[in-house]
Number of protein chains: 2
Amino acid sequence: MKGFTLWFTGLPCSGKSTLAEKVKDILLERGMKVEVLDGDVVRTNLSKGLGFSKEDRDTNILRIGFVCHLLSRNGAVAIGAAISPYREIRRRVREMVSEDAGFVEVFVKTPVEVCERRDIKGMWAKARAGEMKNFTGIDEPYEEPLEPEVVVETDKESVDESVARIISALEAMNYIPSAGGDEYTAEEEKKIKERLKALGYI
Amino acid sequence: MKGFTLWFTGLPCSGKSTLAEKVKDILLERGMKVEVLDGDVVRTNLSKGLGFSKEDRDTNILRIGFVCHLLSRNGAVAIGAAISPYREIRRRVREMVSEDAGFVEVFVKTPVEVCERRDIKGMWAKARAGEMKNFTGIDEPYEEPLEPEVVVETDKESVDESVARIISALEAMNYIPSAGGDEYTAEEEKKIKERLKALGYI
């Protein structure tokens, strides 16, 4: 199985890590090797000492990209889940990984108001209160991807629906085998049965 | 194939990177996935901004260890080739990797005089002249491994001999298949054919 990098990008609290973990579980079940590199893991193990200036944040993203590149060119699925707000840096990561592995960008398109309402770790509140600087969505821009391979809208669909769409996209791109090989989805199966009934075969 | 980390440690110019590259080529030929993480690669991609204080050097080694861990637990062979002068830090890397992959320490035991004579990049000369501080072997200690899995003495044996001993050790520890695996050598094959002919089968 060819390795690839699945790169989640989106605002703080858009749902990147939640989706990354769920997708990871499904890929592990299908027998793939998977690593999730989210912002927190990397801040601890690769980027201690880096701050939140534009330059330091870019360096952080490029490091995640470097490790994703190594993992995916060795046959694993590397899942990056960091805000990665800048198009240019995401482009550089894509370019690096694409040298010898697949690259799939997932834009977690959650409106800023929804992210702020979720505010799982209280970071949005801190940033609004001025206690955190350089916060993406408040005093730092988030540059939406122009041509992501997948877009998920976590305010309009459930986590499971978003995950299913990501998995379908990976199957369609032949990065992962279909669940159960050539079997039909529940929906497809239903349609086929209806068809067969209409034709009088069952 | 189970992944593992092959960790070279030794003085500057002891021969770590040379051996790492040769071992890499052999493992690639045997169909394994291999990445070499030497000091230079890592300084560029993972540790820009880190200096040469004890703390920064330790952080650098732990980062290499972190990436080796990720690679080897996903089935690749990660080859670390950095001076890694401190026992305690090497112990921490070993502990981390050993959680879910193999760890093989190779002590490149080259006497300090030999390393200094080689001085490929002129670093020993600079350090002797006082132009480089915190240089392992001059004003920083090198703590020899107490129980490395392999010891190579590059002043007493050729590069090929050292490489062969490392490969043999990896085979003996069942980290890599023997050359040719279960196939027959040309000579064995000849004998078998003769036998089959003699028996009238071919």
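In chain B, five strands make up an open, parallel sheet in the order β2-β3-β1-β4-β5. Strands here are DSSP runs of E with at least two residues, helices are runs of H or I with at least four, and both are numbered from the N terminus; two strands count as paired if DSSP finds at least two bridges between them. The edges are taken by β2 (34–38) and β5 (150–152) of chain B, each of which pairs on one side only. On average, neighbouring strands of this sheet are turned by 20° against each other, direction ignored. The model is a predicted one: local features need pLDDT of at least 70, side-chain atom pairs count only at pLDDT 80 or more, and totals for chains, interfaces and linings use all residues. Residues are numbered from 1 along each chain as its sequence is written, while chains are lettered from A and ligands numbered from 1 in the order in which they are written.

Now to β3 of chain B. Five bridges link β1 (residues 4–9) of chain B to β3(B) in the parallel sense, with Phe4(B) partnered by Val77(B). β2(B) also pairs with β3(B) in parallel over five bridges, and here Val36(B) sits opposite Ile79(B). Five of the five residues of β3(B) (77–81) are buried, so the strand is largely enclosed by the rest of the structure; buried means 20 or more other C-beta atoms within 10 Å of a residue's own, exposed means 12 or fewer, and partly exposed lies in between, with C-beta atoms placed from the backbone. In a regular strand, side chains alternate between the two faces of the sheet. True to form, Val77(B), Ile79(B) and Ala81(B) point one way from β3(B), and Ala78(B) and Gly80(B) the other way.

At the β5 edge, three bridges join β4 (residues 102–108) of chain B to β5(B), and the two run parallel. One of the pairs there is Phe107(B) with Val151(B). Helix α7 (residues 159–172) of chain B packs on the sheet, touching β4 and β5 of chain B (contact: C-beta atoms, placed from the backbone, within 7 Å). The direction of α7(B) makes about 175° with that of β5(B); axes are lines fitted to C-alpha atoms, for helices over the stretch in contact, and angles run from 0 to 180 degrees between N-to-C directions.

Helix α4 (residues 87–98) of chain B has a buried side too. Ile89(B), Arg90(B), Val93(B) and Val97(B) are buried in α4(B). Seen down the axis, the buried residues of α4(B) fall within an arc of 100° (taken from the directions from the helix axis to the C-beta atoms), so they line one face of the helix. Their cover includes β1, α3 (54–73) and β4 of chain B. On the other side of α4(B), Glu88(B) and Glu95(B) are exposed.

As for the two copies, a rotation of 178° with 1.1 Å of shift along its axis superposes chain A on chain B, with an RMSD of 2.9 Å (least squares on the C-alpha atoms of residues with pLDDT of at least 70 in both). That is the relation of a two-fold axis. Leu71(A) comes closest to the rotation axis of the residues of chain A, at 2.8 Å (C-alpha).

Key:
Contact = placed C-beta atoms within 7 Å.
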